[in-house]
Amino acid sequence: MSIEYEEQLAGSLVDSFPKDFGYGVENMDMMQENLENSPSADNKPRILLMGLRRSGKSSIQKVVFHKMSPNETLFLESTNKIYKDDISGSSFVNFHIWDFPGQVDFFDPTFDYEMIFRGTGALIFVIDAQDDYVEALGRLHLTVSRAFRVNPEINFEVFIHKVDGLSDDHKIETQRDIHQRANDDLADASLEKLHLSFYLTSIYDHSIFEAFSKVVQKLIPQLPTLENLLNIFISIPFLSNSGIEKAFLFDVVSKIYIATDSSPVDMQSYELCCDMIDVVIDVSCIYGLKDDGNGNAYDKESLAIIKLNNTTVLYLKEVTKFLALVCILREESFERKGLIDYNFHCFRKAIHEVFEVSSSTQRTGAAVQSSPPSSSGSGNGLARLKSTALNGTPRSLV
């Protein structure tokens with residue numbers, strides 16, 4: 001996908017999304033300058049990218065959130081200062097990413113590390129799997145132990161990066177070795193309660209998007225509700241034998257999946273869904289805009305059906321300006337498309353209610369609670385869906 005099309009899409013999404021929802025930062029430079037002084041900035045989860053020099057931190061950020069081609073990251077200069085990026089303007093996920101240069105000692109006495117860790121939701125430490133990682137493991141232990149003492153609620157994630165150049169056996173052995181050494185260091189320091197999650201990643205395949213999906217999901221308070229809705233959607237009583245094998249709720253711009261049903265995630269299925277989103281966005285940016293270039297490349301009418309040669313059907317429909325539902329099902333089951341579309345309508349309405357919030361409530365920071373809908377025997381599919389999944393769920397933004 002060309003960068004021009006991606007920028008065009010992101011721009012159309014920002015312009016078209018309701019301002020009351022708190023998205024649509026119009027001036028990134030102004031946002032970065034006012035980051036520390038903005039009261040709302042503290043309300044957004046903060047993700048820290050840390051690691052040694054040339055471990056691939058900036059490349060990860062550029063590929064996932066700025067649609068840079070992996071080959072173009074070879075020309076990125078080494079980061080020499082803390083780079084703060086608010087990606088909520090063109091994406092559903094709403095947080096800051098702080099990219100730390102590897103050569104900076106952020107434990108210097110003049111550095112306020114307590115302020116940094118106190119407002120952090122996730123800390124991602126990137127280790128270059130193709131390099132000697134002894135020094136990286138030492139820096140990892142120093143970083144997570146200090147951060148844990150300041151904020152025990154941080155999610156600690158370790159990206160074992162650049163594994164595209166390793167054989168499958170070497171990948172497994174490297175992950176096992178790093179996992180063992182890191183946890184041994186924590187046990188020696190009596191930090192058994194500190195949990196590290198490990199991921200094998202590369203910017204040259206979809207592994208980096210899947211890993212970031214897992215990180216982001218931990219920062220979404222509505223995740224259990226979203227997963228419950230997806231489970232209900234693929235197992236509606238009338239569709240017990242529908243053949244809907246998997247359902248993903250995707251952030252369209254970043255291709256991070258916000259939630260999925262409870263069945264295991266197959267990497268090949270996830271890659272197919274990502275490729276489908278690329279196709280939809282490419283075609284929409286070419287043919288979905290008006291002759292003068294106005295309009296939205298991705299809107300409520302956006303949908304796509306792709307039939308594979310193994311009787312599998314990929315079905316994509318717009319949920320919000322930023323989200324899409326992608327289903328994987330059998331071709332014979334798709335003959336009941338009308339019933340699937342009806343249940344999708346119920347699902348979509350429930351999703352909008354999960355994230356519904358008034359601008360006045362958002363300004364005051366008050367929590368908005370959804371009242372339990374009636375589940376009386378009206379026979380209405382949406383009522384059953386809402387009473388099961390939305391009972392008492394906070395309607396707060398991600």
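In this predicted model, strand β1, which covers residues 46–51, is joined by five bridges to strand β4, residues 122–128, and the two strands run parallel. One of the bridge partnerships between them can be followed by eye, since Leu 49 of β1 has Ile 124 as its partner in β4. Strand β1 also pairs with strand β3, residues 96–99, again in the parallel sense, and here the pairing extends over four bridges. In this second pairing, Arg 46 of β1 has His 96 of β3 as its bridge partner.

How many of the residues of β1 are buried? The strand is mostly covered, and six of its six residues are buried. To picture this, it helps to recall that side chains in a regular strand alternate between the two faces of the sheet. In β1, one side carries Arg 46, Leu 48 and Met 50, while the other carries Ile 47, Leu 49 and Gly 51, and the residues on both of these faces are all buried.

From strand β4 the reader can move to a salt bridge. In general, side chains of opposite charge can pair when their charged atoms come close. Asp 128, which lies in strand β4, forms such a salt bridge with Lys 162, and the closest N and O atoms of the pair are 3.4 Å apart. Lys 162 belongs to the loop between β5 (155–161) and α6 (168–188), and the pair links distant parts of the chain, with the two positions 34 residues apart. The two partners also differ in their surroundings: Asp 128 is buried, because its relative accessible area is 16% and the limit for burial is under 20%, whereas Lys 162, at 23%, is partly exposed.

Lys 162 deserves a second look for its backbone. Most residues other than glycine have a negative phi, but the phi of Lys 162 is near 60°, a positive value in a residue that is not glycine. Ser 190 is likewise not a glycine and has a positive phi of about 60°. Where is Ser 190 found? Ser 190 sits in the loop between α6 and β6 (196–200), and with 58% relative accessibility it counts as exposed.

Between these two loops runs helix α6, residues 168–188, and within this helix the side chains of Asp 177 and Arg 181 meet in a salt bridge, with a distance of 3.3 Å from N to O. Why are these two residues separated by about one helical turn? They are four residues apart in α6, and therefore about one turn of the helix separates them. Asp 177 is buried, with a relative accessible area of 16%, while Arg 181 is partly exposed at 37%.

Further along the chain, a pair of helices packs together. Two packed helices are described by the angle between their axes and by the distance between those axes. For helix α8, residues 223–234, and helix α10, residues 337–354, the angle is about 170° and the axes lie 10 Å apart. The two helices are therefore roughly antiparallel to each other, because an angle over 145 degrees counts in this way. On the α8 side, the residues that meet α10 are Thr 225, Leu 226, Leu 229, Leu 230 and Phe 233, and among the residues they meet in α10 are Ile 340, Phe 344, Phe 347 and Ile 351. Sorted by class, this contact has 10 nonpolar residues, two polar ones and no charged ones.

Helix α10 is also tied to strand β10 by a salt bridge, because Arg 348 lies in the helix and Glu 318 in the strand, and the closest N and O atoms of this pair are 2.7 Å apart. The pair links distant parts of the chain, the two residues being 30 apart. Glu 318 is buried, with a relative accessible area of 4%, and Arg 348 is partly exposed at 22%.

Strand β10, residues 312–318, also holds Lys 317, which is buried with a relative accessible area of 17%. Leaving aside residues up to four places away in sequence, Lys 317 touches several others, including Tyr 298, Ser 302, Leu 325, Asp 341 and Phe 344. Lys 317 is also linked with Lys 337 and Asp 341 in a network of salt bridges. In the whole structure, a search finds 12 salt bridges.

Notes. Residues numbered from 1 in each chain as written. Predicted model: local features only at pLDDT ≥ 70, side-chain atom pairs only at ≥ 80, totals over all residues. Heavy atoms only, no water. Axes fitted to C-alpha atoms, helices over the stretch in contact; angles between N-to-C directions. Parallel < 35°, antiparallel > 145°, perpendicular 65-115°, else oblique. Contact = heavy atoms within 4.5 Å. Nonpolar A, V, L, I, M, F, W, Y, C, P; charged D, E, K, R; others polar. Buried < 20%, exposed > 50% of the residue type's maximum accessible area, 1.4 Å probe, protein only. Pairing = 2+ DSSP bridges. Salt bridge = Lys/Arg side-chain N within 4 Å of Asp/Glu carboxyl O.
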